[in-house]
Amino acid sequence: MKGEGGPKAELAAADQLGHLYARWRVPLARMMRRYFGSAAEVEDATQEVFARLAATGKTIAPADEQPYLRRAARNIAIDGWRKSAQRE
């Protein structure tokens, strides 16, 4: 993963984000169905994966895409469980 600054790096990260979204949104949503009960929660959590990645500005090597996104999805699920446990 790279997190270099500058306009070219930001453009590359934005291009990659679009590619990652197109390639991984549906598989991540399938994974999120295991963790969340409603379709709205699944969609929100899936979007959160990409929002967090966008906030970092990092680019991910192709070989690291799936492990990175799966870990991010799992972390978001854990965050969701913690929040729901605090509400109860």
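1. A residue is called buried when its relative accessible area is under 20%, exposed when that area is over 50%, and partly exposed in between. Asp79, with a relative accessible area of 23%, is therefore partly exposed. The model discussed in this note is a predicted one, and the same wording for accessibility is used in the points below.

2. Asp79 is a good place to begin reading the charged side chains, of which the structure has three salt bridges to show. In general terms, side chains of opposite charge can pair when their charged atoms come close. One of these bridges joins the side chains of Arg52 and Asp79, with 2.9 Å from N to O. Because Arg52 belongs to helix 2 and Asp79 to helix 3, this pair ties together parts that are 27 residues apart in sequence.

3. Arg52 also meets the side chain of Glu48 in a salt bridge, at 3.0 Å from N to O. Here both partners, Glu48 and Arg52, lie in helix 2, where they are four residues apart, or about one turn of the helix. Glu48 is partly exposed, its relative accessible area being 32%, and Arg52 is likewise partly exposed, at 33%.

4. On the side of helix 3, the side chains of Arg82 and Asp79 form a salt bridge at 3.9 Å from N to O. Arg82 and Asp79 are three residues apart in helix 3, so about one helical turn separates them. Arg82 has a relative accessible area of 52% and is therefore exposed. Through shared partners, the salt bridges join Glu48, Arg52, Asp79 and Arg82 into one network.

5. What is the situation of Glu65, and which side chain of opposite charge is nearest to it? Glu65, which is found in helix 3, is buried yet has no salt bridge, and the nearest side chain of opposite charge is that of Arg23, 5.6 Å away. A salt bridge needs a side-chain nitrogen within 4 Å of a carboxyl oxygen. The side chain of Glu65 does, however, make a polar contact with the side chain of Trp24, at 3.0 Å. Leaving aside neighbours within four places in sequence, Glu65 is in contact with Gln16, His19, Leu20, Trp24 and Ile60.

6. Arg23 and Trp24, both mentioned in connection with Glu65, are also related to each other, since Arg23 lies over the face of Trp24, at 4.0 Å from the ring centre.

7. Turning to the rings, the structure holds two aromatic pairs. In one of them, Tyr21 and Phe50 are arranged edge-to-face, with 5.1 Å from centre to centre and 70 degrees between the planes. This pair links distant parts of the chain, as Tyr21 sits in helix 1 (residues 7–33) and Phe50 in helix 2 (residues 39–56), 29 residues apart. Tyr21 counts as partly exposed, at 32% relative accessibility, whereas Phe50 is buried, with a relative accessible area of 5%.

8. How are the rings of Tyr35 and Trp81 arranged? Their centres are 5.6 Å apart and their planes stand at 80 degrees, so this pair is edge-to-face. Tyr35 lies in the loop between helix 1 and helix 2, and Trp81 in helix 3 (residues 65–87), so the pair ties together parts that are 46 residues apart in sequence. Tyr35 is partly exposed at 23% relative accessibility, and Trp81 is partly exposed with a relative accessible area of 43%.

Technical notes:
Residues numbered from 1 in each chain as written. Heavy atoms only, no water. Phe/Tyr/Trp six-rings, centres within 6.5 Å; stacked < 30°, edge-to-face > 60°. Helix = DSSP H or I, 4+ residues; strand = E, 2+ residues; numbered from the N terminus. Buried < 20%, exposed > 50% of the residue type's maximum accessible area, 1.4 Å probe, protein only. Lys NZ or Arg CZ within 6 Å of the ring centre and 35° of its normal. Lys, Arg positive; Asp, Glu negative; His and termini not counted. Polar contact = N/O pair within 3.5 Å; in protein donor to acceptor, adjacent residues only side chain to side chain. Contact = heavy atoms within 4.5 Å.
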